[in-house]
Amino acid sequence: MSSFLFLYKGFVPPTPEIGEAWMAWFDDVGDRMVDSGHPMTAGVEVTRDGSTDLPLGLDSFTGYSIVDAASLDDAVALARTNPMVTSVVVHELARM
């Protein structure tokens with residue numbers, strides 16, 4: 001079993017229905033959820049040349065979770081069931 005980082009992309013103002021869909025998804029994921037993560041607010045991208053404010057929008061990273069899955073294909077299949085706004089970016093976490 002490997003761990004995968006799910007980065008949630010896209011922001012729309014939350015509604016009770018969106019919250020209910022997320023809670024149902026967390027229940028469906030069950031014990032494969034290692035860390036349910038946290039929602040994110042607007043941020044800042046920092047480079048060597050300075051920084052840029054990152055407002056919330058459809059291209060924003062807006063949250064993360066860490067899940068266990070048997071393979072990348074299994075993690076992608078699980079991500080497809082997520083009540084995403086725009087997309088879910090999936091990365092396998094390297095073992096250290």
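Here are three short exercises on a predicted model, each with a worked solution.

Residues are numbered from 1 along each chain as its sequence is written. Local features need pLDDT of at least 70 and side-chain atom pairs count only at pLDDT 80 or more, while totals for chains, interfaces and linings use all residues, and side-chain values use heavy atoms, without hydrogens and water.

**Exercise 1: the two sides of H1**

Work out which residues of H1 are buried and which are exposed.

*Solution.*
- Start with the element itself: helix H1 spans residues 16–29, 14 residues in total. Helices here are DSSP runs of H or I with at least four residues, strands are E runs of at least two, and both are numbered from the N terminus.
- Next, check its length. From first to last C-alpha, H1 reaches 20 Å, close to the 20 Å expected at 1.5 Å a residue (1.5 Å times one less than the number of residues).
- Now look for buried positions (under 20% relative accessible area; exposed is over 50%, partly exposed in between, with a 1.4 Å probe and protein chains only). Trp22, Trp25 and Val29 of H1 are buried. They cover an arc of only 60° around the axis, which puts them on the same side of H1; the arc is taken from the directions from the helix axis to the C-beta atoms.
- Turn to the other side of H1: Pro16, Glu17, Glu20, Met23, Asp27 and Asp28 are exposed there.
- Finally, find the packing partners. The buried residues of H1 pack against strands S1 (2–9), S2 (33–35) and S5 (61–69) and against helix H2 (72–80).

**Exercise 2: a closer look at Trp22**

Is Trp22 buried or exposed, and which residues does Trp22 contact beyond its neighbours within four places in sequence?

*Solution.*
- Locate Trp22 in helix H1.
- Read its relative accessibility: at 18%, Trp22 counts as buried.
- List the contacts (heavy atoms within 4.5 Å). With neighbours within four places set aside, Trp22 touches Tyr8, Asn82 and Pro83.

**Exercise 3: Leu93, after S6**

Is Leu93 buried or partly exposed, and what is Leu93 in contact with outside its neighbours within four places in sequence?

*Solution.*
- Find Leu93 in the segment after strand S6 (87–92).
- Take its relative accessible area, 33%, which makes Leu93 partly exposed.
- Leaving aside neighbours within four places in sequence, the contacts of Leu93 are Ser3, Phe4, Leu5 and Ile66.
- As a last step, compare sequence with space: Leu93 and Gly30 are 63 residues apart in sequence, and their C-alpha atoms are 19 Å apart.
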